[in-house]
Each structure stands twice: as C-alpha cells, then as structure tokens.
Amino acid sequence: MNMSYPASEQRTLGHCLARLADEMPDKEFLVVGEKSWTYRAFDDWVTVLARGLVAQGFCKGDKLAIMLPNCAEFVALWFACARIGVIEVPVNSERPVNPS
C-alpha cells in the first residue's frame with residue numbers, strides 16, 4: 001500500500017479513505033457489534049453522506065455539530081465532513097451537563 005501523495009492531490013481523511021477503498025476494496029474497515037463494512041462499502045456510504053451535506057448547502061469551512069452516540073453513523077458522518085472540508089463538532093450526548 002503506497003500512501004505517498006503528489007503535492008497537488010487532496011489529502012483529507014475522507015480522501016485517504018477513498019484511496020484505500022480503491023486499493024483494497026474488500027478488506028474489512030469497520031466492525032460495530034455484528035455489523036461490518038469493507039473499505040468500498042464504507043466509502044460508498046461516506047460518498048452518499050458527503051453529497052447529501054453538499055446538497056443541503058454545506059461547504060468547506062462550515063461547522064456541523066454531530067450529536068450521535070458512538071456508532072457507525074457517527075464515524076461515517078465524520079468522514080463525510082472531512083471529505084468536503086466541513087469541520088466536525090462532536091457533541092457528547094452521554095456526558096451530563098454540570099451547571100456550575
């Protein structure tokens with residue numbers, strides 16, 4: 001696996017995932033409980049999410065608060081944001097608010 005990039009090529013985590021999906025599409029990428037995704041399947045999901053974010057008007061430099069539990073959807077949305085240059089702002093819904 002060659003992870004060196006020409007200077008002109010994009011190098012976000014979202015684009016690294018796409019490159020790895022091309023290099024090893026059938027290799028397991030993510031396992032959550034009983035469910036698993038290959039690099040290709042996960043990259044396809046990220047692409048759909050990224051296109052949806054763009055269709056909703058998100059663009060590079062925008063911020064998106066993500067309030068999800070630790071789950072595959074959180075990871076996919078995080079990669080989708082990275083792919084289009086949107087800044088992910090994770091919100092921990094599990095942590096109690098301390099009013100002090």
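The exercises below, each with a worked solution, concern a predicted model.

**Exercise 1.** Determine how strand 1 and strand 2 run relative to each other, and how many bridges join them.

*Solution.* Begin with the two elements themselves, strand 1 covering residues 28-32 and strand 2 covering residues 35-38. Four bridges join these strands, and they run antiparallel. Turn next to the end of strand 1, where Val32 has Lys35 of strand 2 as its bridge partner. Finally, look at the hairpin itself, which has two residues between the strands and in which Gly33 takes a positive phi near 60 degrees.

**Exercise 2.** Decide whether Asp43 is buried or exposed, and list the residues that Asp43 touches beyond four places away in sequence.

*Solution.* First place the residue: Asp43 lies in helix 2, which spans residues 39-55. Its relative accessible area is 5%, and because buried means under 20%, Asp43 is buried. When residues up to four places away in sequence are not counted, Asp43 touches Leu17, Ala18, Ala21 and Arg83.

**Exercise 3.** Classify the aromatic pair formed by Trp78 and Phe79, and assign each of these residues to an accessibility class.

*Solution.* The ring centres of Trp78 and Phe79 are 5.5 Å apart and the planes stand at 85 degrees; since an angle over 60 counts as edge-to-face, the pair is edge-to-face. As for accessibility, Trp78 is partly exposed at 29% relative accessibility, whereas Phe79, with a relative accessible area of 12%, is buried. Both residues belong to one aromatic cluster, together with Phe29, Trp37, Tyr39, Phe42 and Trp45.

Technical notes
Residues numbered from 1 in each chain as written. Predicted model: local features only at pLDDT ≥ 70, side-chain atom pairs only at ≥ 80, totals over all residues. Heavy atoms only, no water. Pairing = 2+ DSSP bridges. Buried < 20%, exposed > 50% of the residue type's maximum accessible area, 1.4 Å probe, protein only. Contact = heavy atoms within 4.5 Å. Phe/Tyr/Trp six-rings, centres within 6.5 Å; stacked < 30°, edge-to-face > 60°.
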